[in-house]
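Visitor: I should be grateful for a close look at one part of this model, namely the place where the two chains meet. Please describe it in one connected account.

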Amino acid sequence: MIETIQLSKAFKERTVVEDVDLYLDKGESVGLLGPNGAGKSTTISMISSLLKPTSGDVKLDGKSVISDPGNIRKVLGVVPQEIALYQELTAYENLKFFGRIYRVPKGQLESRIQETLELVGLKDRQKDIIKTFSGGMKRRINIASALLHNPKILILDEPTVGIDPQSRNYILDMIRQLNESNGTTVLYTSHYMEEVEQLCNRVYIMDHGKVIASGSHSELLSILSNEDTMKVQLNQMNEDFIKAIQDIDVVRQVEETGDGIKIIAKKSANIISSLVKFADQQNIQILNFQMENPSLEDVFLHLTGRTLRD
Amino acid sequence: MISVFLAQLAKERRNPLLIIVFIAASIGVTLIFTGGTQSPESISIFSEEDHAQAIEEKWERLLNEGDENNLHFVTTTPEEAKEDVQQGRSDLAVRLFENDYQLIKSSNIPTVPYVDQHVRKVFEKEAFISTAVEQSEDPEGLRAEITTKLDDPPMEMEVASLAGDELSNYDMGTQLMFAFTLLIAMFIIGFRVNNIMKDKVYGLWDRMILSPVSKTGMYTAYITYACFIGFVQTMSAILIFKYVLNYDVGERLGLLIVIIAFFTFSMVSIATLFTGIVKNPEQFYAIYPSVIPIIPLISGAYMMPGTLNNPVLTFIGDLFPVSHAMDAIINVVIYDANWQEIIQPLVLMTLIGVVAMGIGVNLVERRTY
Ligand SMILES: Nc1ncnc2c1ncn2[C@@H]1O[C@H](COP(=O)(O)OP(=O)(O)OP(=O)(O)O)[C@@H](O)[C@H]1O
Ligand SMILES: [Mg+2]
């Protein structure tokens with residue numbers, strides 16, 4: 001759906017985004033992870049057509065958006081990193097303003113505002129002035145303002161920065177709901193590992209303007225070693241089954257655990273189909289299958305020698 | 001675009017205090033300064049010449065002759081007079097010479113030119129009379145005759161300033177009223193134009209850019225709004241002066257409205273240019289309010305027309321719309337000019353407006369955060 005090609009940006013000779021290639025498929029939820037100053041916001045600004053890249057391209061359904069930003073703007077909802085609201089106006093007035101400038105049809109505006117307020121859980125506070133809101137509430141209205149026109153793609157720039165865990169969970173649930181129920185494609189920027197781990201199918205890790213790693217959660221974790229560790233929970237097991245698995249050439253080791261087995265295999269090897277096949281042959285049921293891995297935090301540490309929130 | 005304008009208006013309505021305070025301030029300041037000229041103001045005079053007492057007596061009598069100007073001159077010692085001025089107990093004092101004078105003042109407050117005008121008039125009149133009577137056989141008789149004739153004209157003496165403008169019957173109060181009203185309008189306009197920058201910094205601007213509203217539409221909305229609020233503020237103040245405080249604003253309110261409209265547009269452009277030059281809204285708040293009060297000062301808005309004749313200052317002053325607006329207003333209000341007579345200041349304001357807006361918007365557009 002969206003694709004960036006060798007996207008780069010330099011401010012006065014200083015390159016802050018360099019050759020970033022990333023893509024978002026329809027309905028995906030993708031994370032963009034990186035420490036302060038990694039170039040996340042700059043990348044997002046270029047994708048959303050607010051900033052012209054120094055070189056490279058951004059494509060929406062194969063068409064460049066740089067010369068013709070109108071197309072992407074139509075389908076895009078952007079939640080900026082800062083609280084971009086009229087502090088003097090009420091939540092309702094802010095939403096009405098954004099609804100109007102985003103051309104929500106007059107007849108639908110009122111119901112859209114109420115639906116959106118419902119979604120962010122602030123319906124009962126709509127008559128209050130933004131200035132009087134807590135940080136978490138402001139963040140929620142900040143998100144709501146980008147949702148009124150029902151965007152197909154939602155880009156969020158650190159929407160949970162500096163707020164309490166409760167608001168944070170609320171926001172994460174809300175985004176998940178939009179992604180799963182509405183089919184909204186999500187690009188989620190953060191420097192919190194846990195959020196991205198919870199929310200996203202795929203992750204890009206950025207540092208110093210470059211994508212240093214990308215892939216699904218487990219793909220990223222497997223960078224850490226040459227091995228994957230899998231925990232398989234079974235209803236029963238037998239010698240033959242374990243033997244069969246041990247004989248798969250990428251499997252290094254099979255350990256019996258209390259309720260199943262732990263398999264250590266070569267990095268990125270796909271053994272699941274074999275696993276399922278053997279289990280089937282032996283009439284064994286796979287109750288649970290889990291990659292047992294360190295967190296993404298460790299991946300970042302491994303790649304850069306620093307922790308994310310340095 | 002209309003939504004953007006309305007949002008600005010909604011913000012103002014939520015918080016109308018600023019506008020109200022500003023209107024009140026322009027009225028208050030005007031009352032303080034022009035009210036002062038309504039009641040007799042006592043001004044110290046002194047001389048340090050050899051025969052100081054004679055000089056003091058002579059000029060005290062002449063300066064206090066006629067009471068239409070509400071000024072009262074009192075002889076004091078030089079030390080006392082100077083100290084009073086230095087320590088701000090009085091605005092100014094007059095040092096007398098045989099045939100000349102010197103104003104001792106701490107700052108260029110608006111009453112200074114007013115007093116200066118009166119004192120100069122008296123000295124010029126006296127110089128005229130003494131030259132005339134010098135060769136006369138009967139000095140006393142001639143003097144009496146000239147004095148009566150001057151004060152009671154069949155013979156009209158025209159007192160002119162160096163620049164040649166007429167000074168007689170000049171209503172400084174009205175001029176100050178407009179000068180202060182425009183000054184306050186310049187503040188309001190600046191603050192409202194600066195909203196563009198504020199909204200840029202807070203990310204609201206980017207949100208609007210991503211919306212279907214065009215950039216031209218956005219600039220138009222902000223700029224129209226600043227014009228609107230500047231105009232409303234100025235006209236409210238003028239109408240209060242006219243209908244509540246009974247100030248003389250002339251007979252041609254329609255022309256006044258036109259002048260204010262041109263001024264507002266022109267000033268919004270200057271404020272846009274200013275916004276484009278400074279780095280961020282905070283810098284704007286720091287610099288703009290300290291620069292703006294200087295402009296009416298060097299434009300001569302607080303002084304009698306023709307008082308200010310430093311060509312450099314006049315040139316700088318003329319780059320800003322306030323000098324042209326004051327020019328047009330004085331012509332309309334005091335000299336009852338018709339619209340043809342104010343075309344020049346209107347054209348100049350338009351010119352300033354168009355040029356400053358062109359450069360200003362381009363600079364603002366280039367600022368990124
Ligand atoms: N307009 C600009 N002019 C100059 N440098 C800029 C500009 N915008 C961003 N930068 C620089 O680019 C780098 C990347 O900034 P960016 O905001 O994209 O980082 P980020 O990953 O979003 O960081 P954070 O987590 O703090 O939001 C920073 O070093 C920043 O100083
Ligand atoms: Mg950022």
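**The interface of chain B and chain A**

Guide: In this predicted model, chain B and chain A bury an area of about 2100 Å² between them, and carbon and sulfur atoms give 63% of that area. Three residues, Arg14(B), Arg207(B) and Leu210(B), supply 38% of what chain B buries against chain A, more than any other three residues. In terms of residues, the contact takes 26 from chain A and 22 from chain B.

Turning to specific interactions, the rule finds one salt bridge across the interface of chain B and chain A. The partners are Arg14(B) and Glu93(A), whose closest N and O atoms are 2.7 Å apart. Arg14(B) is thus named both in this salt bridge and among the three residues that supply 38% of the area buried by chain B. Polar contacts are also present: eight residue pairs across the interface are found by the rule, with both residues at pLDDT 80 or more.

As to secondary structure, the elements giving two or more residues to the side of chain B that touches chain A are α1 (2-14), α8 (195-201) and α9 (204-210) of chain B. Of these, α1(B) gives the most, with eight residues. Arg14(B), the salt-bridge partner of Glu93(A), lies within the range 2-14 of α1 of chain B. By class, the side of chain B that touches chain A comprises 13 nonpolar, four polar and five charged residues.

Note on methods
Residues numbered from 1 in each chain as written. Chains lettered and ligands numbered in written order. Predicted model: local features only at pLDDT ≥ 70, side-chain atom pairs only at ≥ 80, totals over all residues. Heavy atoms only, no water. Contact = heavy atoms within 4.5 Å. Buried area = accessible area lost by both parts, 1.4 Å probe. Salt bridge = Lys/Arg side-chain N within 4 Å of Asp/Glu carboxyl O. Polar contact = N/O pair within 3.5 Å; in protein donor to acceptor, adjacent residues only side chain to side chain. Helix = DSSP H or I, 4+ residues; strand = E, 2+ residues; numbered from the N terminus. Nonpolar A, V, L, I, M, F, W, Y, C, P; charged D, E, K, R; others polar.
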